[in-house]
Amino acid sequence: MKPTFSLRLRIFNLNCWAIPYLSKHRGDRMKRLGDFLNMESFDLALLEEVWSEQDFQYLRQKLLPTYPAAHYFSSGVIGSGLCVFSKHPIQEFTQHVYTLNGYPYMIHHGDWFCGKAVGLLVLHLSGLVLNVYVTHLHAEYNRQKDIYLTHRVAQAWELAQFIHHTSKKADVVLLCGDLNLHPKDLGCRLLKEWTGLHDAYLETQDFKGSEEGCTMLPENCYVNQRELEPFPFGIRIDYVLYKAVSGFYISCKTLRTTTGRDPHSGTPLSDHEALMATLCVRHIPPQHTPSPTHGLAERSRLVSILKEAWIELDLGVAQARWWTTFAGYVIGLGLLLLALLCALAAGGGVREVAILLWTPSVGLLLGAGAVYIFHMQEAKGLSGARAELQHVLGRAREAQDLGLESQPALLLGQQEGDGTEEQ
């Protein structure tokens, strides 16, 4: 039996933009971030883009008196950049690295080398099981010609499925991070609709901060102003999302954001704005637990979003297979060219020319082979996500046709009452 109590949680989230040797004033910003977190004494501080484990260890020592529990999620070549600091003991932790994360040959973007992931922490607070997720999805770079859209949608679906499968024993679910998704983007709608998570900015009773809750602002001196030209007020891509299961009620009492400047020194802590939320959780006696009210409109919206995501992934599969086919032809031509060069070299007629062309031909063959292998892997990853979506879409349509009065999250057998609380 769940205890009767009221619990208040103060949450901090920030994309720290702490790239060694590249991010401006990184050391000073890490120092001021540590001072700020110690002064505010949040229950949880969730950070992204802490790319150096040395920076994490620095913060770990600095924050140890206030946040005795901490963890850094390692993955990829340079790390996931995710870490968490907690006033409360961490009972369990794990991570899931996203299957797809950009292209290795887009070296100037670097996302592929990060091994971006979602980290999970399990906390037990006064008998309540709290699942805390922190994540960072692939960056957008160019909204008009977004070559990473399919990967980001696949990551959003993978994140939603990870939360779905790991939160069955949780009383409260909390997701924070830089989703690199605008509120109305397909990936954001898919994530929130399938998991039942609520957006703190939309639900809070008291908001103070940047206009429209934006977390990248033109006023911030570290922001690339050209990227924000289409968005005069900035963009909102960092989130605090939450839900509670049946028997519990969760609400966001306050939500604060920084506004392009650190409140004490006058300079930003990052190129992103920090989110500071106060969440309140209370137990509801069974007789007062609200009933699910999801109807035809909600089921129709879910079906529409699932179909839209399936179409996007299907386009991604087709493109990946095109690149695989193209690379296959290049490999075949490269092998023929190498065979011809070997024949010419053996004949002695134009031996010098054959030897001269040997190295670039081998390079072309190896490059085409790498492209073939990568895009074959991409096609398989997207096909797997597409198959999951197709199955869920079929179940959702079936429920819609039958006119079931169950909530969308129950279509895959999620625990009774998950995400049914009314805000």
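This section describes the fold of a predicted model, from its overall composition to its two sheets and the helices packed on them.

The protein has 423 residues, of which 54% count as buried. Its secondary structure consists of 8 helices and 13 strands. About 19200 Å² of the protein is exposed, and 58% of that area is supplied by carbon and sulfur atoms. When contacts are restricted to residues at least 6 apart in sequence, 74% of them join residues at least 24 apart.

The average pLDDT of the protein is 88, and 88% of the residues score at least 70. Two segments have pLDDT under 50 throughout. Residues 405-410 form one such segment, with 19 contacts in the model beyond four places in sequence. Residues 412-423 form another, with 49 contacts beyond four places in sequence.

One open sheet contains 7 strands in the order E3-E4-E2-E1-E13-E12-E10, and its pairing is mixed. E3 and strand E10 (207-208) stand at the edges with a single partner strand each, so one side of each has no neighbour in the sheet. Within this sheet, strand E4 (residues 82-86) runs antiparallel to strand E3 (residues 69-73), to which 5 bridges join it. In this pair, Phe-73 stands opposite Leu-82 of E4. E4 is also joined to strand E2 (residues 44-50), by 4 bridges and again in the antiparallel sense. Leu-44 has Ser-86 of E4 as its bridge partner, and Ala-45 has Phe-85 of E4.

Strand E4 is largely enclosed by the rest of the structure, because 5 of its 5 residues are buried. In a regular strand, side chains alternate between the two faces of the sheet. For E4, Leu-82, Val-84 and Ser-86 lie on one side and Cys-83 and Phe-85 on the other; all of these residues are buried, and both faces of the strand are covered.

Helix H1 (residues 26-40) lies across strand E1 (6-18), E2 and strand E13 (275-283), and runs at about 175° to E1. A further helix, H2 (residues 53-63), includes Glu-53. Glu-53 counts as partly exposed, with a relative accessibility of 43%. Apart from residues up to four places away in sequence, Glu-53 touches Tyr-72 and Ser-74. The C-alpha atoms of Glu-53 and Tyr-72 are separated by 7.7 Å, although these residues are 19 residues apart along the chain.

The other sheet described here is an open sheet of 6 strands, ordered E5-E6-E7-E8-E11-E9, also with mixed pairing. The edges are occupied by strand E5 (92-97) and strand E9 (198-199); each has a single partner strand, so one side of each is left without a neighbour in the sheet. E9 pairs with strand E11 (residues 238-244) in the antiparallel sense over 2 bridges. Asp-199 has Leu-241 of E11 as its bridge partner.

Helix H5 (residues 186-195) packs on this sheet and touches E8, E9 and E11, with its direction at about 15° to that of E11. Because 9 of the 10 residues of H5 are buried, the helix is largely enclosed by the rest of the structure. The buried residues of H5 are Leu-186, Gly-187, Cys-188, Leu-190, Leu-191, Lys-192, Glu-193, Trp-194 and Thr-195; the charged side chains of Lys-192 and Glu-193 are thus listed alongside residues such as Leu-190 and Trp-194. H5 is followed by Gly-196, which has a positive phi near 80°.

Helix H4 (residues 149-166) lies across E5, strand E6 (117-125), strand E7 (128-136) and strand E8 (172-178), and runs at about 165° to E7. H4 has 18 residues and reaches 26 Å from its first C-alpha to its last, close to the 26 Å expected at 1.5 Å a residue. Of its 18 residues, 15 are buried, so H4 is largely enclosed by the rest of the structure. Both H4 and H5 contact strand E8, as H4 lies across E8 and H5 touches E8.

Conventions. Residues are numbered from 1 along each chain as its sequence is written. Side-chain values use heavy atoms; hydrogens and water are left out. The expected span of a helix is 1.5 Å times one less than its number of residues. Buried means under 20% relative accessible area, exposed over 50%, partly exposed in between (1.4 Å probe, protein chains only). pLDDT is the predictor's confidence in each residue, from 0 to 100. Contact means heavy atoms within 4.5 Å. Two strands pair if DSSP finds at least two bridges between them. Axes are lines fitted to C-alpha atoms, for helices over the stretch in contact, and angles run from 0 to 180 degrees between N-to-C directions. Accessible areas come from the Shrake-Rupley method with a 1.4 Å probe; for residues, only the protein chains shown count as cover.
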